[in-house]
Amino acid sequence: MSRPAPLPVLDASAPANLDRAAAILRTGGLVAVPTETVYGLAADATNARAVAAIYEAKGRPRFNPLIAHVDSQERALSLVELSDAALTLARAFWPGPLTLVGRRKAGSPVCDLSAAGLDTLAVRWPDAPAMTGLIARLDRPLVAPSANPSGAISPTEAAHVVDGLAGRIDLVLDGGPCALGLESTIIADTSEGLVILRPGALSRETIEAVAAKPIRSAGKDAAISAPGMLTSHYAPDAQLRLNATDAGADEVYLAFGPYRGIGAKAALDLSSTGDLAEAAANLFSLLRKADQMGDRIAAAPIPFTGLGEAINDRLARAAAPRSLEDTP
Ligand code: TXA
Ligand code: MG
């Protein structure tokens, strides 16, 4: 399919624009859609050619399973089996930044390519009216990975999507900056209980308070893991130094809390008050900005509590050495 250049960017809150986006999706096209976490690149989950076009547009060298987005618990349950423990989380946190991985139901309309051939499927009901409006219009689930070229920083504004994917997709719906700014927390519903596959915008503490017990994390070499959780990811072009309590004149400093990067080439504040939710919301857009400002970035230490777990995870991946093997 030939893609429009320049890439149209339309207001996500106008119903007529959702109608136009739905028409594109029905014919197998690709639309970037704002969600509360990051912008997703949506396609009809039941159309294998449309799903293949997602991999092509992102330049993913191999197939990595996608999240099927839904607009109700009922639609989620038409796609996957969920245990009572998983349903308790679904009831507490949907719509919201929680993705549940369950066994695919026989007869589910989601194409095999969406699940990359696995017998499990990731599902999420986002708190995002444009996305759920499109799902309702098509009356089908939409798969949506983050709307960035493979391995790059996830987009939290429409302009980030245009930077990365112009010429490769059909339309961007603009909903302004994403409220949370970090991807959803992914939890696998396994026979041995719930396992966190990817820390994300819903903190472990918040989840455990509802589950009323501790939840394991999948280790690096755990039998079950998110195939997309590669070491190098969210990668800026610049070199990134972590846990930096000072900064050199050749470094752009990503500050968190009182030390503001005196002596640095420039300083950007994740959160001047040390607020983790604010830092999460700013993380990807400031990483992008820092990347444009210099060749070296130094990031302040971030506590590992609450959303700090996910922020530290993304920073560690952004700082990891890159090898071909690691390219998602
Ligand atoms: O917040 C989000 O989750 C965003 C928005 C757009 O909803 N989406 C997102 O999708 O982050 P993506 O494709 O960038 O990341 C999905 C992750 C990948 O690491 C993938 O390997 C994992 O989910 N995943 C998907 N299906 C899986 C499955 N069946 N089992 C294990 N991991 C799975
Ligand atoms: Mg992604």
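At what angle do helix α1 and helix α5 pack, and how far apart are their axes? I started there, working on a predicted model.

**Helix pair**

I find α1 (residues 15-26) packed on α5 (residues 129-138) at about 55°. Their axes lie 9 Å apart. That angle falls outside the roughly parallel, antiparallel and perpendicular ranges, so I log α1 as oblique to α5. I also note that the crossing of α1 past α5 is right-handed. Next I listed the residues that make the contact. From α1 I get P15, L18, D19, A21, A22, L25 and R26. From α5 I get A130, L134, R137 and L138.

**Nonpolar cores**

I then looked up the largest nonpolar core. It has 48 residues. L100, V123 and I169 have the most contacts inside it. Which elements each supply at least two of its residues? I count the strands β3 (40-44), β6 (98-104), β7 (120-124) and β11 (193-198). The helices are α2 (48-58), α4 (84-93) and α6 (158-165). The largest share, six residues, comes from α2.

I followed L100 further. Leaving out residues up to four places away in sequence, L100 touches L82, A86, A90 and W94. L100 also touches L121, A122, V123 and I187. V123 thus appears both as a contact of L100 and among the residues with the most contacts in the core.

Apart from this core lies another, of 36 residues. Among its members I note Y234, F284, A290 and I297.

**Four-stranded sheet**

I297 led me to β16. What is the strand order of the open sheet of four strands? I read β13-β16-β14-β15, with parallel pairing. β13 and β15 (266-271) stand at the edges with a single partner strand each, so one side of each has no neighbour in the sheet. On average, neighbouring strands are turned by 20° against each other, direction ignored.

I checked the helix on this sheet too. Helix α8 (residues 276-293) packs on the sheet and touches β13, β14, β15 and β16. The direction of α8 makes about 155° with that of β15.

Then I went through the pairings of β16. Three bridges join β13 (residues 239-241) to β16 (residues 296-299), and the two run parallel. Three bridges also join β14 (residues 252-256) to β16, again parallel. Which residue in β16 is the bridge partner of V252? I find I297. L240 also stands opposite I297. My last note is on I297: this residue faces L240, pairs with V252 and belongs to the core of 36 residues.

Notes:
Residues are numbered from 1 along each chain as its sequence is written. Chains are lettered from A and ligands numbered from 1 in the order in which they are written. This is a predicted model: local features need pLDDT of at least 70, side-chain atom pairs count only at pLDDT 80 or more; totals for chains, interfaces and linings use all residues. Side-chain values use heavy atoms; hydrogens and water are left out. A nonpolar core is a set of buried Ala, Val, Leu, Ile, Met, Phe, Trp, Tyr and Cys residues joined through side-chain atoms within 4.5 Å. Buried means under 20% relative accessible area, exposed over 50%, partly exposed in between (1.4 Å probe, protein chains only). Contact means heavy atoms within 4.5 Å. Two strands pair if DSSP finds at least two bridges between them. Axes are lines fitted to C-alpha atoms, for helices over the stretch in contact, and angles run from 0 to 180 degrees between N-to-C directions. Angles under 35 degrees count as roughly parallel, over 145 as roughly antiparallel, 65 to 115 as roughly perpendicular and the rest as oblique. A crossing is left-handed if the near helix is turned anticlockwise from the far one by less than a right angle, and right-handed if clockwise.
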